[in-house]
Amino acid sequence: MTHTLSAKEQPLSKIFSDEYVFTIPGYQRPYSWGVEQARELLDDLLGYMQSGGTKLDEVAPYFLGSIVLIKRESAPDARVVDGQQRLTTLTLLLSAIRSVVSDEKVRAGITKRIYEQGDVVTATDNHYRVSLRERDQQFFRKYVQHEGGIETLVALNDELPDSQDRLRANARHFIEALSALDQSALVRLVQFIATRCYLVAVATPDLDSAYRIFGVLNSRGLDLSATDILKAEIVGGITDAAKRDVYTRKWEDLEEDLGRDAFGELFSHVRMIYRKAKPHGTLLKEFREHVGPPDAIAFIDSVLAPIAQAFREVTDEDYASQRHAEQINDTLRWLNRIEFKDWLPPALAYFIRHRNDPDAMRRFLADLERLAYAMLIRKTGVNERIERFSRLTTAIEQDADLYADTAPLQLSPGEQYATYAALSGPLYATHSARALGVILLRLDALVSDGSKTMAHDLVTIEHVMPQQPKPDSAWAKWVVSPQERASWVHRLGNLALLNRKKNSAAGNYEFDRKKQAYFSKGGSCAFPLTTQVLQQSQWTVPVMEARQSELLSALERHLRLQSRSAIAPVSVAGSDKDGPLFEIASAKNQLHARGRQIDGQFLVYAGSTARASWFGVEGGYQPLHQDLIDSGALAAAEGEIRKFAKDVHFSSPSAAAAVVLGRSANGRTSWLVKDTGQTWAEWKLSVPAGGLGEAESAEAEL
């Protein structure tokens, strides 16, 4: 009997072995995972691994999903129909671990999972476990699969195509995150990935069958059928037949009003309102566990119907009131433009309680927009967003004061500082095109009356001064120093908006031609941000400085960043118990810092050492590192290090760890209790060393 379909649950040690040779066909889309997806993958792997037993074989298997292949059972060659993002990112992660781990045997073992090296004696070539589409294939082999390539990749400053730029950005994130782990954790991680992580490889020998399987596996049917099952369970639980018919119609009316897709999405938000944590199971399982409901009629009348109405008004930007309706709907439009939707559960929770109070609605949504955009600007990770918005939902349910300085709706001085620092930095280089487009559109509305900006769906971002101007151009004469050009090219003061597709040739036009042929149409432009550019006759550093200052001031006023402070004020008294002595120690880098949690702040003691200069990705706490140097709190450099000249209070352990390490860092895991080896997060939650998963660590610093 001929088998046309096979499905095998395989550990990654089998997936990355001689049993499979994966090829990404040329018709597939380019690599598209961004840093957020890469961060979520690594966070989930670390969290799951650390929540298991002390022995590797005690950790339950971790399921990474399925891949769909065109493959015959007797041959290893496999064309990937679905799964290229996971296979590519897992290869990138293995390469990053290989770069950071020091054990040569472990490095060699990882290399065998990435590619089989050729042999001169037998005249065989290298055999790569994963080959990307032709456009990216050689790049991936050189900078990811070959030893030493990823170190070159993270240091590479060349302008790259989008898919290769995403590989570089994800590589930088993986290297930075993995560098915070000790060597034993790195070895355990790669062992966990190889032996306890599984993919289901679904294989069929022909393309038509593969795409039929792909369609079934990726249809929205699973989530939508979950609401159908819940309908049967909830409405079916009503024993009175007449009432059951009435509530069946109510349920179906709500579903029809929103549409099936939106109705399915609504149930995910209802789950989050009750769950208040990152989902770890299916919608059905978690809805049953955290929502219930024991009383079907009360659930439909008091929960589902009001939330469905709120959801429709929020997502349609269709709030109706005699006061403030236009302003409230305008704020909702800006919230709906953001790429993440974690703000929706608290918005819905507030909506159903205060819908008839337009004054309260206007104030709350204005501050919710402020919080969400600050998170977008700071590139806050999904775990931290979920934790923050869940705390906000709890505060709403408890009718707490949402406008107190310490409320989860408000930005702390440290968060204001980090937001302002990110806006001051090279935004074009640090943010995705989609996120930056939203930020610039919001800014464009702030410097105008906002009446036209909202209508533009096709928006692209253009550098005014080109990234690589010709040596004999006016651009090079106006900004002579290459270093000064590099410091300005990606910042707000040099960015403009266009409502057309980018023209790579036009990017290097001389200024007058660029204004006439590219930035305007018939002498006018749709965006006030770009109109500012048209008013200039030259594009010099003073012009960019003035524009940078003006645009930053507009965002500073709107986001209310005037109380920003990276260093926490010294408190005289407080209720928090003083913490134990924490350390960050690295003999290799001559770092030895000591600190203590005191009164809600993190104190780093005088005499501690920090990196002499910032070497991580620009932005974040880089300005704080420089501020401490400029103020003398970090003394003159002694080789590769500087000493703390005095005790310094920080607003969080992460701010302190970043200054010590000279790069972004998770202070919850970087600081270790000197006597017990606990991380800061483990000490905070009173669990022994090694007893806390990554996800729980994210919840510890509240």
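**Close-up views of a predicted model**

**View A. Glu 462 counts as buried, at 6% relative accessibility.** Like the other views, this one comes from a predicted model, where local features need pLDDT of at least 70 and side-chain atom pairs count only at pLDDT 80 or more, while totals for chains, interfaces and linings use all residues. Residues are numbered from 1 along each chain as its sequence is written, and side-chain values use heavy atoms, leaving out hydrogens and water. Buried here means under 20% relative accessible area, exposed over 50%, and partly exposed in between, with a 1.4 Å probe and protein chains only. Lys 514 is also buried, because its relative accessibility is 0%. Which residue does Glu 462 form a salt bridge with? The partner is Lys 514, and the closest N and O atoms are 3.5 Å apart. The two residues connect distant parts of the chain, Glu 462 in strand β9 (residues 460–463) and Lys 514 in helix α24 (residues 511–519), with their positions 52 residues apart.

**View B. Asp 257, Arg 312, Glu 313, Asp 318 and Arg 355 are joined into one network by salt bridges that share partners.** A salt bridge is counted when a side-chain nitrogen of Lys or Arg lies within 4 Å of a carboxyl oxygen of Asp or Glu; the count comes to 27. Glu 313 bridges to Arg 312, with the closest N and O atoms 4.0 Å apart, and to Arg 355, where they are 3.1 Å apart. Because Glu 313 belongs to helix α14 and Arg 355 to the loop between α16 and α17 (358–378), this pair ties together parts that are 42 residues apart in sequence. Glu 313 is buried at 3% relative accessibility and Arg 355 is buried at 19%, whereas Arg 312 is partly exposed at 21%.

**View C. Tyr 62 and Phe 192 are shown here, with 21 aromatic pairs found in the whole structure.** Their ring centres are 6.5 Å apart and their planes meet at 50 degrees, so the pair is tilted. Tyr 62 is in strand β3 (residues 62–70) and Phe 192 in helix α8 (residues 183–196), so far along the chain from each other that 130 residues separate them. Rings of Phe, Tyr and Trp (its six-membered ring) pair if their centres lie within 6.5 Å; planes under 30 degrees apart are stacked, over 60 edge-to-face and the rest tilted. Tyr 62 is buried, with a relative accessible area of 16%, and Phe 192 is buried at 0%.

**View D. Tyr 319 and Phe 351 form an edge-to-face aromatic pair, 5.8 Å centre to centre with 85 degrees between the planes.** Since Tyr 319 lies in the loop between α14 (296–316) and α15 (325–337) and Phe 351 in helix α16 (residues 344–354), the pair ties together parts that are 32 residues apart in sequence. Buried or exposed: which describes Tyr 319 and Phe 351? Both are buried.

**View E. Trp 251, Phe 263, Phe 267, Phe 287 and Phe 299 are linked into a cluster by ring pairs.** Phe 287 is one of the buried residues of helix α13 (residues 283–290), along with Leu 283, Leu 284 and Glu 286. Gly 292, just after α13, has a positive phi of about 100 degrees. Helices (H or I, at least four residues) and strands (E, at least two) are DSSP runs, numbered from the N terminus.

**View F. The charged end of Arg 363 sits over the ring of Tyr 403, 3.5 Å from its centre.** Arg 564 is placed over the face of Tyr 420, at 3.7 Å from the ring centre. The rule asks for NZ of Lys or CZ of Arg within 6 Å of the ring centre and within 35 degrees of the ring normal.

**View G. Five strands make an open antiparallel sheet in the order β16-β13-β12-β11-β17.** The edge strands, β16 (648–650) and β17 (672–673), each pair on one side only. Strands pair if DSSP finds at least two bridges between them. β12 (residues 591–598) and β13 (residues 601–604) run antiparallel and are joined by four bridges. Ile 598 stands opposite Gln 601 in β13.
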